[in-house]
Amino acid sequence: MKLYTCEHCGNPLYFENTVCLNCNHTVGFDANKLSMITLVPADKDTFININKSKEAYRLCDNAHCGTCNWLIPKNDTAVFCKACSLNRVIPTLTTQQNIQRWSKMEIAKHRLVYSLLQLKLPVRSKLGNSIEGIAFDFMEDVSLGARIMTGHDEGTITINIDEADEAERVKHKLDLGERYRTLLGHFRHEIGHYYWDVLIKKDPGNYRKFFGNEERDYSKALEEYYNTGAPIDWLDHFISPYATAHPWEDWAETWAHYLHMMDTLETAFSFGINIDPKKSDNDMKAKINQDPYTIDKFDTIVKMWLPLTFALNSLSRSMGHVDFYPFVISKPVIEKLRFIHETCRIKRMR
């Protein structure tokens, strides 16, 4: 994520800000420019760029719910922004709990869509029963015997809103023996299944060299995984235990990790973070002096990533927390990540 500042006073802004807390100007995100815009009101429903009076915007309709700060060009007839237009089902907003959960879902989804736009991947809303495009269904359990399962089906991504509840998410994390589980991670994993269809499905040859044959029976593979767990040596070949379940899940887990890396490194780059330990060899030094979304060679990304995560873990331990980054990246995993990076790069060049 980039570091944004108010165009009026220079005050730093979070990606989710709707108002500059220093000068009180309205701010919003322009998804076409991937920029935060400082605004001044023009009329009841219109704002203009404080520095470019010819640029007029409307707020996404979900701004009224406090769940979106993305902008729509005034001459665009859309009601919802690029991120919110992907929603098909949102939870009923009759309780404060659901309102808070939906807000957290939108924060994670908007950050996901930002990354997809940075990668220049196709992001379009599913229309009707079309198998193309993306649709999000944010749903809640209606009874103990009818639990909503988080998952993906031909571009439709269903997420149980319980995942936006910290206590519930931690419980699921402990029950499943996971080391890492976040709401944003769910979004990144499930969208990975969608982009497998977009990027790999028609020609899976090279994919199979790294992830295996996806024609293996998926239901039986998951049943076996939940019965026996991951193999003892999973760390040598996979990014997570769940990645061992099936080649599709290996792709989705690795894809999510790739997005973690790219967005975190972009944030580090935006803040000018470099790693230069006083007592260490060169392997623990990193100059994060380039936007990762502009880097062609994946080795350059790895050389920045590993020192950064070691430093982050050290800082986390200093605060008495568990490791911020509880992963070990083996050489086979690096090659899988490299394949994803190069696949996305080729897609951008077309």
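Five elements each put at least two residues into the lining of the largest pocket: β10 (151-153), α2 (166-175), α3 (183-199), α5 (218-228) and α6 (247-270). Keep in mind that this is a predicted model. Of those elements, α3 hands over the largest share of the lining, 7 residues.

So much for the walls; what about the middle? The largest pocket has 44 lining residues, and the ones nearest its centre are Glu178, His189, Glu190, Tyr226 and Tyr242. Sorted by chemistry, the lining of the largest pocket comes out as 16 nonpolar, 15 polar and 13 charged residues.

Now for the second largest pocket, which holds about 1100 Å³ of space. Tyr180, Thr182, Leu184, Thr264 and Phe324 sit closest to the centre of this one, out of 36 lining residues. Here β2 (12-13), α2, α3, α6 and α7 (298-318) each chip in at least two lining residues. Which helix gives the most to the lining of the second largest pocket? That would be α6, with 5 residues.

Here are the two pockets, row by row:

| Pocket | Space | Lining make-up |
|---|---|---|
| Largest pocket | About 1300 Å³ | 16 nonpolar, 15 polar, 13 charged residues |
| Second largest pocket | About 1100 Å³ | 21 nonpolar, 5 polar, 10 charged residues |

If you're scrolling through the structure, α3 is a handy place to start: α3 supplies at least two lining residues to the largest pocket, and α3 also supplies at least two to the second largest pocket.

How values were computed: Residues numbered from 1 in each chain as written. Predicted model: local features only at pLDDT ≥ 70, side-chain atom pairs only at ≥ 80, totals over all residues. Heavy atoms only, no water. 1 Å grid on protein atoms, 1.4 Å probe; cavity = no way out; pocket = protein on both sides within 12 Å on 5 of 7 lines; lining within 4 Å. Points joined across faces, edges and corners; volume = space filled by probe spheres on them. Helix = DSSP H or I, 4+ residues; strand = E, 2+ residues; numbered from the N terminus. Nonpolar A, V, L, I, M, F, W, Y, C, P; charged D, E, K, R; others polar.
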